[in-house]
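Biologist: Please take a close look at a single part of this structure, the helix that gives the most residues to the main nonpolar core, and tell me how it sits among its surroundings.

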Amino acid sequence: MSRLRSAGSAHAGVAEWLLQRVTSLYMGGFVIYAIVHFSLLPIHGYAAWKAWFATGYVRIAWALFLASILIHAWVGMRSIYLDYLHPLWLRFSVTLLTALGLLALALWAARILLA
Amino acid sequence: MVKNKKRPVYLNLFKIRLPVGGILSILHRATGAFLVVLLPIALYILQRSLHDPEAYARIATQAATPVGRVVVLVIVWVFAQHFFSGVRHLLLDIGIGDSKPVARRNAWLAFAASLAVVALIGVCL
């Protein structure tokens, strides 16, 4: 019975499901683009690497990539916790720690992107 | 509900034969969690590589050592495995490969593809 009550409403989870798909498609596209790009135009040395990263559209693509990773990590880790962490206090604290950790990584990523 | 006392309780994990799709599904989670743990290290390397030429050179040299190459290839395998089991997931969403034989064949393909990527990167780098 307690299992049934915690099942929640029928539509809950659709947003997570969709976010996981959208972010995976973007990340897949970005990684394939990067592999093709570096295969055709290999980057030699720091200056070329920095110049590539400084290009406007590359930086925006990286920003979307890093944001996708963090969202994808959040949805994915949460679904792992929901399946394997049963004591509520444990699930709650691990989920909270993950949220804070990913938030910290987001701020750090923003700093790298704006540097 | 009447409990059947004689139902077989057989949960020896070494004796349960998980189908290949099941193994792939567990690996999708394990590799995903591993990649999340790697995130801070990856961000740190990205930041250092953009910081100054010396840091960039140090990362490039370390990645080229035997140990560095093994570490890079393990990470490539974990990522490629997660990538290809993810592609299989997305294809299942649009109804490709949801019959049992095709789902199993695609699970084997996902393993083969990730190993092929590791071999290719290993040869190229």
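Modeller: The largest nonpolar core has 7 residues, namely A:L66, A:I69, A:A73, A:W74, A:M77, A:A109 and B:V36. The largest share of this core, 5 residues, is supplied by helix α4 of chain A, which runs over residues 56-84, and that helix is the part I shall follow. A second, separate core has 6 residues, among them B:A80, B:F83, B:F84 and B:A107. Before going further I should say that this is a predicted model. For the complex, the predictor reports an ipTM of 0.88 and a pTM of 0.88, while chain B has a mean pLDDT of 90, with 90% of its residues at 70 or more.

The helix itself comes first. With 29 residues, α4(A) spans 42 Å from its first C-alpha to its last, which is close to the 42 Å expected at 1.5 Å a residue. Its buried residues are A:L66, A:S68, A:I69, A:H72, A:A73, A:W74, A:G76 and A:M77. An α-helix has 3.6 residues a turn, so residues three or four places apart point the same way. What the buried residues of α4(A) pack against is α2 and α5 of chain A, together with α1 of chain B, residues 20-51. A:M77 shows this in detail: once its neighbours within four places in sequence are left aside, A:M77 is in contact with A:T98, B:A33 and B:V36. B:V36 is also listed in the largest nonpolar core, where A:M77 appears as well. In soluble globular proteins, nonpolar side chains tend to be buried together.

A:W62 also lies in helix α4 of chain A, but A:W62 is partly exposed, because 18 other C-beta atoms lie within 10 Å, whereas a residue needs 20 or more to count as buried. In sequence A:W62 and A:L113 are separated by 51 residues, yet their C-alpha atoms are 7.9 Å apart in space.

A second tryptophan, A:W52, belongs to helix α3 of chain A. A:W52 counts as partly exposed because it has 15 C-beta neighbours inside 10 Å. Setting aside residues up to four places away in sequence, A:W52 touches A:I43 and A:V58. A:V58 falls within the 56-84 range of α4(A). A:W52 and A:Y26, for their part, are 26 residues apart in sequence and 20 Å apart in space, again from C-alpha to C-alpha.

The helix also takes part in the contact between the chains, to which chain A gives 16 residues and chain B gives 17 residues. On the side of chain A that touches chain B, the elements giving two or more residues are α2 (14-40), α3 (46-54), α4 and α5 (88-114) of chain A. The largest share of that side, 5 residues, comes from α4(A). By kind, the residues on this side of chain A divide into 11 nonpolar, 3 polar and 2 charged.

The setting of the helix can then be drawn from the two chains as wholes. Chain A has 5 helices and 0 strands, and its pattern along the sequence is α-α-α-α-α. Its radius of gyration is 19 Å, where a compact globule of 115 residues would have one near 13 Å. Along the principal axes, the C-alpha atoms of chain A fill a box of roughly 60 × 25 × 20 Å. Of its 115 residues, 10% count as buried. Among the contacts in chain A between residues at least 6 apart in sequence, 71% join residues at least 24 apart.

Chain B, which supplies α1 to the packing around α4(A), has 4 helices and 0 strands, in the order α-α-α-α. The radius of gyration of chain B is 20 Å, where a compact globule of 125 residues would have one near 14 Å, and its C-alpha atoms fill a box of roughly 70 × 30 × 25 Å along the principal axes. Of the 125 residues of chain B, 14% count as buried, and among its contacts between residues at least 6 apart in sequence, 72% join residues at least 24 apart.

To return to the part you asked about, α4(A) gives the largest share of the largest nonpolar core and also the largest share of the side of chain A that touches chain B, and its buried residues pack against helices of chain A and of chain B.

Notes:
Residues numbered from 1 in each chain as written. Chains lettered and ligands numbered in written order. Predicted model: local features only at pLDDT ≥ 70, side-chain atom pairs only at ≥ 80, totals over all residues. Core = buried A, V, L, I, M, F, W, Y, C linked by C-beta atoms within 7 Å. Buried ≥ 20, exposed ≤ 12 C-beta atoms within 10 Å, placed from the backbone. Contact = placed C-beta atoms within 7 Å. pLDDT = per-residue confidence, 0-100. Nonpolar A, V, L, I, M, F, W, Y, C, P; charged D, E, K, R; others polar. Rg over C-alpha atoms; globule rule 2.2 N^0.38 Å. Expected span 1.5 Å × (residues − 1).
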